[in-house]
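Welcome, and please open the viewer with a cartoon view ready. We will go from the whole chain to single residues, with something to select at each stop.

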Amino acid sequence: MLQYRYDTQLLIEGKNLSEAAISDYFEKNFDGDCLLAVGDESLIKIHYHTNEPWKVLEYCASLGEIFDIVVEDMDRQSRGLKG
């Protein structure tokens, strides 16, 4: 059984985005692992494993426009099912 079930990935398009500030917020406010927040002031790519992807989406949407959203169920995938 996986500790964090959902692989959550998306892009955030906005202004004055900060990789460091986003990473810090994730670490303080979300339970998960495998955080990747990379990009520049106008576009950030997020990758995160969590059991509550809706919280990640809500936060990221508060920073700018979110798109290319993918939430995959890694538990289903590990059992050979479509995620």
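One term comes first: a contact, or a touch, means heavy atoms within 4.5 Å. The model is predicted, so local features need pLDDT of at least 70 and side-chain atom pairs count only at pLDDT 80 or more, while totals for chains, interfaces and linings use all residues. Residues are numbered from 1 along each chain as its sequence is written, and side-chain values use heavy atoms, with hydrogens and water left out.

**The whole chain**

Colour the protein chain by secondary structure. Three helices and four strands should appear; here helices (H or I, at least four residues) and strands (E, at least two) are DSSP runs, numbered from the N terminus. Starting at the N terminus, the order in the protein chain is β-α-β-β-α-β-α. The radius of gyration is 13 Å, close to the 12 Å from the globule rule for 83 residues, so the protein chain is as compact as a globular protein of that length. That radius is taken over C-alpha atoms, and the globule rule is 2.2 Å times the number of residues to the power 0.38. Turn the C-alpha trace along its principal axes and it spans about 40 × 25 × 20 Å.

Now switch on a surface. The protein chain exposes about 5200 Å², with carbon and sulfur atoms supplying 49% of it; accessible areas come from the Shrake-Rupley method with a 1.4 Å probe, and for residues only the protein chains shown count as cover. Of the 83 residues, 33% count as buried. Buried means under 20% relative accessible area, exposed over 50%, and partly exposed in between (1.4 Å probe, protein chains only). Among contacts with a separation of 6 or more, 69% join residues 24 or more positions apart.

**The nonpolar core**

Select Ile12, Ile22, Phe26, Ile46, Val56 and Cys60: these have the most contacts inside the largest nonpolar core, which has 13 residues. Such a core is a set of buried Ala, Val, Leu, Ile, Met, Phe, Trp, Tyr and Cys residues joined through side-chain atoms within 4.5 Å. Strand S1 (6–13), helix H1 (19–29), strand S3 (43–50) and helix H2 (53–63) each give two or more residues to this core.

Centre on Ile46 next. Leaving out residues up to four places away in sequence, Ile46 touches Thr8, Gln9, Leu10, Ile12, Ile22, Phe26, Leu36, Ala37 and Cys60.

**Along strand S3**

Which residues does Lys45 touch, not counting residues up to four places away in sequence? Show Lys45 in strand S3, and you should find Gln9, Leu10, Leu11, Leu36, Ala37 and Val38 in contact with Lys45. Lys45 is partly exposed at 29% relative accessibility. For a distance to draw, take the C-alpha atoms of Lys45 and Ile66, which are 9.8 Å apart in space and 21 residues apart along the chain.

His49 is also a strand S3 residue. Is His49 buried or exposed? His49 is buried, with a relative accessible area of 14%. Beyond residues up to four places away in sequence, the contacts of His49 are Tyr4, Tyr6, Asp7, Asp31, Gly32, Asp33, Cys34 and Met74.

**Onto the helices**

Move to helix H2 and pick Tyr59, which is buried at 13% relative accessible area. Aside from neighbours within four places in sequence, Tyr59 is in contact with Ala21, Ile22, Tyr25, Phe26 and Phe30.

In helix H1, select Ser23. Ser23 counts as buried at 17% relative accessibility, and outside its neighbours within four places in sequence it contacts Leu35 and Ala37. Ala20 is found in helix H1 too, but counts as exposed at 57% relative accessibility. From Ala20 to Val38, the C-alpha distance is 9.0 Å, across 18 residues in sequence.

**Two backbone angles to check**

Cys34, in strand S2 (residues 32–39), has a positive phi of about 60° although it is not a glycine. Cys34 is partly exposed, at 44% relative accessibility. Then jump to Asp68 in strand S4 (residues 65–73), another residue other than glycine with a positive phi, near 50°. Asp68 is exposed, with a relative accessible area of 53%.
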